[in-house]
Amino acid sequence: METAAPSAVIVAIDGPSGTGKSSTSKAVAAKLGLRYLDTGAQYRAITWWMITNGVDTDDPQAIAIAAGKPAIVSGTDPAAPTITVDGLDAAGPIRTQEVTSKVSAVSAVPEVRTLITDLQRSIAAEAAQEADGIVVEGRDIGTTVLPDADLKVFLTASAEARAARRSGELRGKEAAGLAATKEALIKRDAADAGRKTSPLAKAGDAVEVDTTELTLDQVIECVVTLVEEKRAGRK
Ligand SMILES: Nc1ncnc2c1ncn2[C@@H]1O[C@H](COP(=O)(O)OP(=O)(O)O)[C@@H](O)[C@H]1O
Ligand SMILES: Nc1ccn([C@H]2C[C@H](O)[C@@H](COP(=O)(O)OP(=O)(O)O)O2)c(=O)n1
């Protein structure tokens, strides 16, 4: 059996929506020469496929039956991450309000989680073999997907800060008011944390970082330091 590269490092970053997981993970991976995987994009991609293929997203059985059909491929270069479904570029369509409103229901279906979790583990294993490691961000990475990760970080922030960040992003596109954004975000977090299979949760051995009062650069610096400390401790 092949073993992982001796210096390979696996970093799990979890937390609710708008805490800075994607921006932080991408930047940390780029700075440290690691690969990057956005697992939320994978759940969004399968949700988009269900919608475009006429699967009722309120019917868990129909979702379970269809779950194995789409081929989801993630490109893990932090400078240019990609996501395709059956060979089609899905980066744009997975960010619509429609997908956002349905992704929690689709990602709660156990068959979907099993398939996507297997995919995530194989991407992480490949990064440990062929590269210096990977930063994987999501909701259940430290608890379920990669429980043996070298470093686990759980990002948090107040609902107000998260809503302000999100509505800043939406401005000019699908302009949603701050209150509506906050309400939708709290609802999605509750669904993600309340589902039976592999809910959004902090692993017991995760380092919690409250980003409410921190700039993005400060959060990136904090996580880079944590990774470097882990690496130094292993030498
Ligand atoms: N510490 C921070 N301070 C201010 N804005 C931030 C911070 N972290 C992230 N952001 C911004 O908030 C938005 C959501 O961040 P993102 O990384 O997509 O969060 P998540 O992946 O947790 O949903 C982005 O526009 C990002 O630039
Ligand atoms: N590891 C993961 C990652 C995301 N999900 C689900 C739950 C989330 O609401 C959706 C979308 O995740 P994504 O990280 O894209 O969400 P935001 O960037 O916070 O808007 O996917 C999950 O169930 N498990």
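Visitor: How many residues lie between β4 and β5 in their hairpin, and which residue in the turn has a positive phi?

Guide: There are 2 residues between β4 and β5, and Asp86 in the turn has a positive phi of about 50°. Bear in mind that this is a predicted model. The two strands of that hairpin run antiparallel and are joined by 2 bridges, with Thr84 standing opposite Asp89 in β5.

Visitor: What does β4 pair with besides that, and in which sense?

Guide: Strand β3, residues 72-75, pairs with β4 in the antiparallel sense over 4 bridges. One register point to click on is Ser74, whose bridge partner in β4 is Ile83. These two strands also make a hairpin, with 6 residues between them.

Visitor: How do I read the faces of a strand like β4? Which residues are covered and which uncovered?

Guide: The general idea first: in a regular strand the side chains alternate between the two faces of the sheet. Now the case here: β4 covers residues 82-85, with Ile83 and Val85 on the covered face and Thr82 and Thr84 on the uncovered one.

Visitor: Let's move to the open sheet. In what order do its strands run?

Guide: Read across, the order is β2-β6-β1-β7-β8, 5 strands with parallel pairing. The edges are β2 (35-38) and β8 (207-210); each has a single partner strand, so one side of each is left without a neighbour in the sheet. On average, neighbouring strands are turned by 20° against each other, direction ignored.

Visitor: What packs on that sheet?

Guide: Helix α9, residues 216-234, does, touching β1, β7 and β8; its direction makes about 160° with that of β7. Over at the β2 edge, 4 bridges join β2 to the parallel strand β6, residues 133-138. Tyr36 has Val135 as its bridge partner in β6.

Visitor: What should I look for in the nonpolar core? Which residues touch the most other members?

Guide: In soluble globular proteins, nonpolar side chains tend to be buried together. The largest nonpolar core here has 31 residues, and Ile10, Val11, Ile134, Val135, Val136, Leu146 and Val153 touch the most other members. Elements giving two or more residues to this core include β1, β6, β7, α5 and α9. The largest share, 5 residues, comes from β1. Apart from this core lies another, of 22 residues, among them Ala41, Val85, Ala90 and Val99.

Visitor: If I select Val136, what does it touch beyond four places away in sequence?

Guide: Val136 touches Ala12, Leu37, Thr39, Gln120, Ala124, Ile141, Val145 and Leu146.

Visitor: Now the ligands. Which residues come nearest to ligand 1?

Guide: Of the 15 residues around ligand 1, those are Gly20, Lys21, Ser22, Ser23 and Arg165. The elements giving two or more residues to this shell are α1 (21-32), α7 (159-170) and α9, and α1 gives the most, with 3 residues. By class, the shell has 3 nonpolar, 9 polar and 3 charged residues.

Visitor: And how does the shell around ligand 2 divide by class?

Guide: It splits into 4 nonpolar, 8 polar and 5 charged residues. Ser17, Gly40, Tyr43, Ser107 and Gly138 come nearest, out of 17 residues around ligand 2. Helices α2 (39-52), α4 (97-107) and α8 (178-194) each supply at least two residues of this shell, and α2 provides the largest share, 5 residues.

Conventions
Residues are numbered from 1 along each chain as its sequence is written. Chains are lettered from A and ligands numbered from 1 in the order in which they are written. This is a predicted model: local features need pLDDT of at least 70, side-chain atom pairs count only at pLDDT 80 or more; totals for chains, interfaces and linings use all residues. Two strands pair if DSSP finds at least two bridges between them. Axes are lines fitted to C-alpha atoms, for helices over the stretch in contact, and angles run from 0 to 180 degrees between N-to-C directions. Two residues are in contact if their C-beta atoms, placed from the backbone, lie within 7 Å. A residue is near a molecule or strand if its C-beta atom, placed from the backbone, lies within 6 Å of it. Ala, Val, Leu, Ile, Met, Phe, Trp, Tyr, Cys and Pro count as nonpolar, Asp, Glu, Lys and Arg as charged, and the others, Gly among them, as polar. A nonpolar core is a set of buried Ala, Val, Leu, Ile, Met, Phe, Trp, Tyr and Cys residues joined through C-beta atoms within 7 Å. A residue is buried if 20 or more other C-beta atoms lie within 10 Å of its own, exposed if 12 or fewer, and partly exposed in between; C-beta atoms are placed from the backbone.
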